[in-house]
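Reader: Please choose one part of this model and look at it closely, setting out the cut-off behind each term as you come to it. I would then like to know how the rest relates to that part.

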Amino acid sequence: METITPHHFLALSALLFAIGFLGVVIRRNLMLVLMSLELMLNGINLALVSFSRVGLNLDGGLFVFFIMTVAAAEVAVGLALLVALYKKRQSVFSENLNLLSN
Amino acid sequence: MEIIAFSVLLLPLLSSFVTLIFLRKHGNIASLLSVATAGGILVFSCYLIFNGGNNTFAWDATWLKLADWELRFGFLIDGPSRLLLFVVAFVGFLIHLFSLGYMADDSAKARYFGGLSIFMFSMLGITLADNLIMIFVFWELVGFSSYLLIAHYFSTEEAANASQKAFIVNRVGDFGFLIGIVLTYWTFGTVNIAELADLVDFDSTMISTGLCLALACGFIGKSAQFPLHVWLPDAMAGPTPVSALIHAATMVAAGIFLLVRIDFLFTTEALSLLAYLGAAMGLYAGFCALVQRDIKKILAYSTLSQLGYMAAAFGLGMPGLAMFHLMTHAFFKALMFLGSGAVIHACHHEQDIFNYGGLRKKMPLTAFTFLIGVLAISGVNFLSGYFSKDAILLTAYNSSLPIFVILYLGALLTSFYMFRLYFITFEGSPRSKESKAAVEVTSLMVGPLIILALLSVLGGYHQLFPFSIVGFVLDDLQSVAEMPNHLWMIVLGTFAWIAGSIAAKLVYSGSPSDDPLSEKSPAFFNLCSSKLFFDEIYGFYVKRIQDPFARFVEVMELLFISGLMVRGAAGCAGLFALLGKICYNGKIHAYGFWFILGTIGFIAYAAGLFGEF
């Protein structure tokens with residue numbers, strides 16, 4: 001039976017990050033973009049946790065708490081912005097938000 | 001004393017400013033103000049001339065200071081400057097008076113008299129200046145006022161072109177003058193005339209032919225000598241009193257004055273070059289004057305020829321004689337110009353002498369005074385021109401025969417064309433309705449004519465003038481008096497004017513409506529009319545060489561400076577902007593993509609993925 005090594009964690013975190021990245025770049029619905037951003041952050045978190053475990057100290061874990069706090073704040077602000085946006089423009093699709101492009 | 005010098009200098013400037021600001025619409029007040037100013041100048045000048053006795057008065061102060069280089073503003077009132085001051089103030093005042101009558105019904109009187117005041121300011125500046133840079137500043141100012149006054153009738157194309165021509169041709173000469181000033185400063189470390197004189201006195205090896213010829217370029221431009229003489233005849237498009245004041249009596253004579261001021265800088269070679277140049281001009285202008293039909297152009301060429309005499313006198317080492325001739329010439333030439341002005345005024349701006357005729361009976365005073373001017377310039381014995389011109393001829397006779405021959409031929413021609421002018425204009429019978437209807441001009445115009453006529457008769461007797469005025473010329477007159485061959489010269493001089501007048505009487509008697517010379521010897525007539533093609537040569541040069549070169553430079557400029565450099569730099573920035581604009585498409589995904597890509601790039605760089613630094 002194969003053991004789960006830190007490499008697996010890192011691979012998973014890279015995968016999560018990549019999925020998140022693609023989500024940010026490809027998705028048009030800002031709700032999903034926001035969720036993809038969270039996914040990217042969580043991918044990073046996973047990597048940090050695994051580094052913490054490998055290094056046998058709490059540095060990485062500490063970092064994760066900060067990131068989760070920031071992510072929670074970010075989601076709160078982001079969702080509030082989205083709601084306000086929807087109220088104003090009746091749309092949360094990014095292609096409609098190009099007022100500054102011309 | 002410097003207070004008086006400042007007053008005499010600033011009075012006309014003030015008058016022209018007042019005219020410019022308050023009196024533009026009040027021609028009559030402006031003209032009276034200007035004449036009053038000229039009167040004031042005359043009074044102050046007399047004070048300047050007589051108060052200092054025969055001493056040289058020098059005063060200066062710092063004008064501006066740039067690091068350790070200092071430009072000084074000062075006055076130097078010595079012999080030549082007293083003489084010129086007298087001529088400028090006195091003749092200038094008479095011409096102002098005459099202008100009152102001549103310009104009485106001109107619509108732009110204020111501009112005219114304001115211009116005259118500016119001119120007086122500039123001319124007095126040249127007269128009083130004590131260093132070359134100051135002379136240069138006022139030199140340009142007289143050029144400017146000459147431009148202004150030539151273009152008085154600017155609605156006519158002739159006047160507009162003539163003013164530009166005068167201005168541009170003068171720039172050519174002044175460029176040489178400027179180079180000369182820079183060279184002077186380089187060589188001597190000063191431009192103050194008195195200091196220069198001391199330096200040259202101390203070490204006479206410092207002077208060089210190139211330096212003084214560069215300075216003489218200023219004279220050649222301003223005094224309209226060969227090869228820059230082409231502007232003066234055209235400048236006759238201005239009002240006639242202007243021609244009398246600027247283009248006969250004072251401004252063109254300023255060139256001679258400049259030479260006299262810096263005569264210690266001249267080498268023997270430069271002097272003999274100037275002598276030949278002047279003598280040649282005397283003869284050449286005589287031939288040109290011979291076939292002109294315009295009364296003012298005849299006088300203009302005659303001025304050129306007399307300036308040539310002055311240059312020749314200077315070149316022969318007699319600056320005093322040059323100044324003496326300058327003074328007598330100012331009298332009789334101003335007289336003749338004003339006389340021609342009176343004739344033109346009476347004939348309603350008809351200037352072709354073949355449309356005059358018989359004016360002696362209609363304008364007896366003008367004709368009589370004009371005749372005195374003609375006699376004086378022809379060198380009739382015991383009139384003013386006789387003393388100054390024959391002194392120059394005698395000097396030439398005793399020192400350089402070729403110059404004498406040229407000058408003597410010029411003298412023959414002078415009396416010939418002057419009597420031609422007189423006979424055609426004043427004798428015979430009227431040939432146009434203007435000259436039939438001519439009447440004597442007002443006393444305001446005749447008055448200056450009579451005073452100038454008196455001076456033309458008596459101006460040669462230097463004993464009549466106060467020593468302060470003519471003190472400078474006495475030395476040279478004394479040395480002329482001691483020369484041999486006096487009797488011979490008197491015979492030759494008398495022969496010149498008698499032969500000239502008789503020849504003119506023979507050719508131009510009767511009442512020709514066209515130039516009889518053109519029938520008698522057409523080849524000679526055409527040669528003289530061509531004026532040796534100077535205008536054509538310059539025109540050709542400008543059109544075929546200068547203009548194409550200018551166009552070439554323009555293309556180069558368009559191509560390289562404004563094209564490659566200016567447009568190129570802007571184009572590069574624009575290209576980057578275009579690239580940036582492509583990225584800036586308003587798609588939030590794209591921004592996110594670039595942002596993250598950039599971040600990854602930075603991290604990769606920080607991790608040393610692109611190699612160690």
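Author: Two residues are taken to be in contact if their C-beta atoms, placed from the backbone, lie within 7 Å. On that basis, among the contacts in chain A with a separation of 6 or more, 46% join residues that are 24 or more positions apart. Chain A is the part I shall follow, and two conventions are needed before going further. Residues are numbered from 1 along each chain as its sequence is written, while chains are lettered from A and ligands numbered from 1 in the order in which they are written. The model is predicted, so local features need pLDDT of at least 70 and side-chain atom pairs count only at pLDDT 80 or more, whereas totals for chains, interfaces and linings use all residues.

Chain A contains three helices and zero strands, where helices (H or I, at least four residues) and strands (E, at least two) are DSSP runs numbered from the N terminus. Its order along the sequence is therefore written simply as α-α-α. The radius of gyration of chain A, taken over C-alpha atoms, is 17 Å, well over the 13 Å that the globule rule (2.2 Å times the number of residues to the power 0.38) gives for 102 residues, so chain A is more spread out than a compact globule. The box filled by the C-alpha atoms of chain A, taken along the principal axes, is roughly 55 × 25 × 25 Å.

As to confidence, chain A has an average pLDDT (the predictor's confidence in each residue, from 0 to 100) of 88, and 96% of its residues score at least 70. Within chain A, confidence is lowest in helix 1 (residues 6–26), with a mean of 90, and highest in helix 3 (residues 59–89), at 92.

Burial in chain A comes to 15% of its 102 residues, a residue being buried if 20 or more other C-beta atoms lie within 10 Å of its own, exposed if 12 or fewer, and partly exposed in between. A nonpolar core is a set of buried Ala, Val, Leu, Ile, Met, Phe, Trp, Tyr and Cys residues joined through C-beta atoms within 7 Å. The largest such core has 206 residues, and those with the most contacts inside it are Ile256(B), Ala312(B), Ala334(B) and Leu407(B). A second, separate core of seven residues includes Val24(A), Leu30(A), Leu34(A) and Leu41(A). In the largest core, the contacts of Ala312(B), leaving aside residues up to four places away in sequence, include Ala275(B), Gly278(B), Ile392(B) and Leu407(B).

Where the two chains meet, nine residues of chain A are in contact with seven residues of chain B. On the side of chain B that touches chain A, three residues are nonpolar (Ala, Val, Leu, Ile, Met, Phe, Trp, Tyr, Cys and Pro), four are polar (the others, Gly among them) and none is charged (Asp, Glu, Lys and Arg).

Some local points in chain B complete the account. The peptide bond from Phe226(B) to Pro227(B) is cis, with omega near 0 degrees, and Pro227(B) sits in the loop between helix 8 and helix 9 (231–234) of chain B. His348(B), although not a glycine, has a positive phi of about 55 degrees; its place is in the loop between helix 14 (319–346) and helix 15 (359–362) of chain B, and it counts as exposed, with 12 C-beta neighbours inside 10 Å. Phe382(B) likewise has a positive phi, near 75 degrees, and lies in the loop between helix 16 (364–378) and helix 17 (384–399) of chain B.
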